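Subject: A structure for you to look at

Hi there,

Here is the structure I promised to pass on. Please open it and keep it beside you while you read the notes underneath.

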Amino acid sequence: ENLDKLPRDVISDKRYELVKELAKQKGVSNNAIIIAYLTNIYRCKGFPTVIPLFSAKTKHLQQNLKGLEITLTDKELELMNNT
């Protein structure tokens, strides 16, 4: 998957590498990690509850939905927020 389409202020090189590493560790797609991040971010002080709305080609939908099943650890959220 290619995260290069996102603006650079959204995903830095370090964050890009972190997303790829978490996806590899958890055996899911990069997009699933992004969706997991969005659905877990409410646990961080000062962040809102996010309900991600996304569209995907049928072949990607099942992979993307795996992100809804992932609970990121507090450390993983902290890394995502500070990278």
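Below is what I found in it, going from the overall picture to the core, the surface and the charged pairs.

**Overall picture**

Please keep in mind that this is a predicted model. The average pLDDT of the protein is 84, and 87% of the residues score at least 70. Of the elements, helix 4 (residues 74-82) has the highest mean pLDDT, at 92, while helix 3 (residues 58-65) has the lowest, at 82. As a general caution, where pLDDT is low, the predicted coordinates should not be read in detail.

The secondary structure consists of four helices and zero strands, so if you trace the sequence you will meet the pattern α-α-α-α. The protein has 83 residues, and 34% of them count as buried. Its accessible surface is about 5,800 Å², with 53% of that belonging to carbon and sulfur atoms. Looking at contacts with a separation of 6 or more, 65% are between residues 24 or more positions apart.

**Helix 2 and the core**

A good place to begin is helix 2 (residues 30-40), which is mostly covered, with eight of its eleven residues buried. Those eight are Asn30, Ala32, Ile33, Ile35, Ala36, Tyr37, Thr39 and Asn40. What do they pack against? The buried residues of helix 2 pack against helix 1 (13-26), helix 3 and helix 4.

Two residues of this helix, Ile33 and Tyr37, come up again in the largest nonpolar core. That core has 15 residues, and the ones that touch the most other members are Ile33, Tyr37, Ile70, Leu72 and Met80. At least two core residues come from each of helix 1, helix 2 and helix 4. In general, nonpolar side chains tend to be buried together in soluble globular proteins.

Met80 is worth a click. Leaving aside residues up to four places away in sequence, Met80 touches Arg15, Leu18, Val19, Leu22 and Tyr37.

Just before helix 2 you will find Ser29, in the loop between helix 1 and helix 2. Is Ser29 buried or exposed? Its relative accessible area is 9%, under the 20% cut-off, so Ser29 counts as buried. The C-alpha atom of Ser29 is separated by 9.2 Å from that of His60, although the two residues are 31 residues apart along the chain.

**A nonpolar patch on the surface**

Now turn to the outside. Phe54, Leu61, Leu65 and Leu68 make a nonpolar surface patch of about 320 Å². One of them, Leu68, sits in the loop between helix 3 and helix 4. Leu68 has a relative accessibility of 48%, so this residue counts as partly exposed.

**Three salt bridges**

The structure holds three salt bridges. Side chains of opposite charge can pair when their charged atoms come close.

- Glu17 and Lys20: their side chains meet at 3.5 Å, N to O. These two residues are separated by about one helical turn, because they are three residues apart in helix 1. Glu17 is partly exposed, at 44% relative accessible area, and Lys20 is also partly exposed, at 32%.
- Lys26 and Glu76: here the side chains meet at 3.2 Å, N to O. This pair links distant parts of the chain, with Lys26 in helix 1 and Glu76 in helix 4, 50 residues apart. Lys26 is partly exposed, with a relative accessible area of 31%, whereas Glu76 is buried, at 11%.
- Arg43 and Asp74: the closest N and O atoms of this salt bridge are 2.7 Å apart. This pair also links distant parts of the chain, as Arg43 lies in the loop between helix 2 and helix 3, Asp74 lies in helix 4, and 31 residues separate them. Arg43 counts as partly exposed, at 32% relative accessibility, while Asp74 is exposed, with a relative accessible area of 57%.

If you have time for just a short look, I would begin with helix 2, where eight of the eleven residues are buried, and then move to Met80 and its contacts with residues including Leu18 and Tyr37. After that, try the salt bridge of Lys26 with Glu76, which links helix 1 and helix 4.

Happy exploring, and do write back with any questions.

Best wishes

Note on methods: Residues are numbered from 1 along each chain as its sequence is written. This is a predicted model: local features need pLDDT of at least 70, side-chain atom pairs count only at pLDDT 80 or more; totals for chains, interfaces and linings use all residues. Side-chain values use heavy atoms; hydrogens and water are left out. pLDDT is the predictor's confidence in each residue, from 0 to 100. Buried means under 20% relative accessible area, exposed over 50%, partly exposed in between (1.4 Å probe, protein chains only). Contact means heavy atoms within 4.5 Å. Patches are made of residues with over 30% relative accessible area and no salt bridge: like charges are joined within 9 Å, nonpolar side chains (Val, Leu, Ile, Met, Phe, Trp, Tyr) within 5 Å. Accessible areas come from the Shrake-Rupley method with a 1.4 Å probe; for residues, only the protein chains shown count as cover. A salt bridge is a side-chain nitrogen of Lys or Arg within 4 Å of a carboxyl oxygen of Asp or Glu. A nonpolar core is a set of buried Ala, Val, Leu, Ile, Met, Phe, Trp, Tyr and Cys residues joined through side-chain atoms within 4.5 Å.
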